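Visitor: I should like to learn how the features of a structural model are read. May we go through one together?

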Amino acid sequence: MSYRVMEIAIIAAVITAVALVLVCLLFLMLRYLYRHKGTYHTNEAKGTEFAESADAALQSDPALQDAGDNSKKEYFI
């Protein structure tokens, strides 16, 4: 009879340990997701989101003012 009680205690301890590990993993995953949720920063020029076309947005970009020739156009998507 004591073996039966011992087996039940071991099974209960294993189930409790697995449940505790799962709760800890869930906590760590939620903490990681909460801490690493941020804003997306781009290096685009200010005001280009309101341009009528891609050409107008690129022509008003101060970083591209020294590009020179307007006949060659490149778009990076």
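**Reading a helix and its surroundings**

Guide: Helix α1 is hardly covered, for zero of its 34 residues count as buried. Please keep in mind that this is a predicted model.

Visitor: How many helices and strands does the protein chain have?

Guide: The protein chain has two helices and zero strands. Of its 77 residues, 5% are buried. The chain exposes about 8,000 Å², and carbon and sulfur atoms supply 65% of that area.

Visitor: What span should α1 have, given 1.5 Å a residue?

Guide: The expected span is 1.5 Å times one less than the number of residues. For the 34 residues of α1 this gives 50 Å, and the end C-alpha atoms are 49 Å apart, which agrees.

Visitor: Where does UniProt place the feature "transmembrane region"?

Guide: The unreviewed UniProt entry places this feature at residues 6-30. That span is 100% helix and 0% strand, with its end C-alpha atoms 36 Å apart.

Visitor: Which residues make the nonpolar surface patch of about 890 Å²?

Guide: A general idea helps first. An α-helix has 3.6 residues a turn, so residues three or four places apart point the same way. In this structure, the patch is made by Met6, Ile10, Val14, Val18, Val21, Leu22, Leu25, Phe27 and Leu28.

Visitor: Why does Val14 count as partly exposed?

Guide: Partly exposed lies between the cut-offs of 20% and 50% relative accessible area. Val14, which lies in helix α1 (residues 2-35), counts as partly exposed because its relative accessibility is 47%.

Visitor: Where is Tyr75 placed?

Guide: Tyr75 is in the segment after α2 (54-59). Its relative accessibility is 43%, so Tyr75 also counts as partly exposed. Tyr75 and Asp55 are 20 residues apart in sequence, and their C-alpha atoms are 9.3 Å apart in space.

How values were computed. Residues numbered from 1 in each chain as written. Predicted model: local features only at pLDDT ≥ 70, side-chain atom pairs only at ≥ 80, totals over all residues. Heavy atoms only, no water. UniProt positions renumbered as here; feature names shortened; annotations may be inferred. Helix = DSSP H or I, 4+ residues; strand = E, 2+ residues; numbered from the N terminus. Patch = residues over 30% accessible without salt bridge, like charges linked within 9 Å, V, L, I, M, F, W, Y side chains within 5 Å. Areas by Shrake-Rupley, 256 points an atom, 1.4 Å probe, with all protein chains shown as cover. Salt bridge = Lys/Arg side-chain N within 4 Å of Asp/Glu carboxyl O. Buried < 20%, exposed > 50% of the residue type's maximum accessible area, 1.4 Å probe, protein only.
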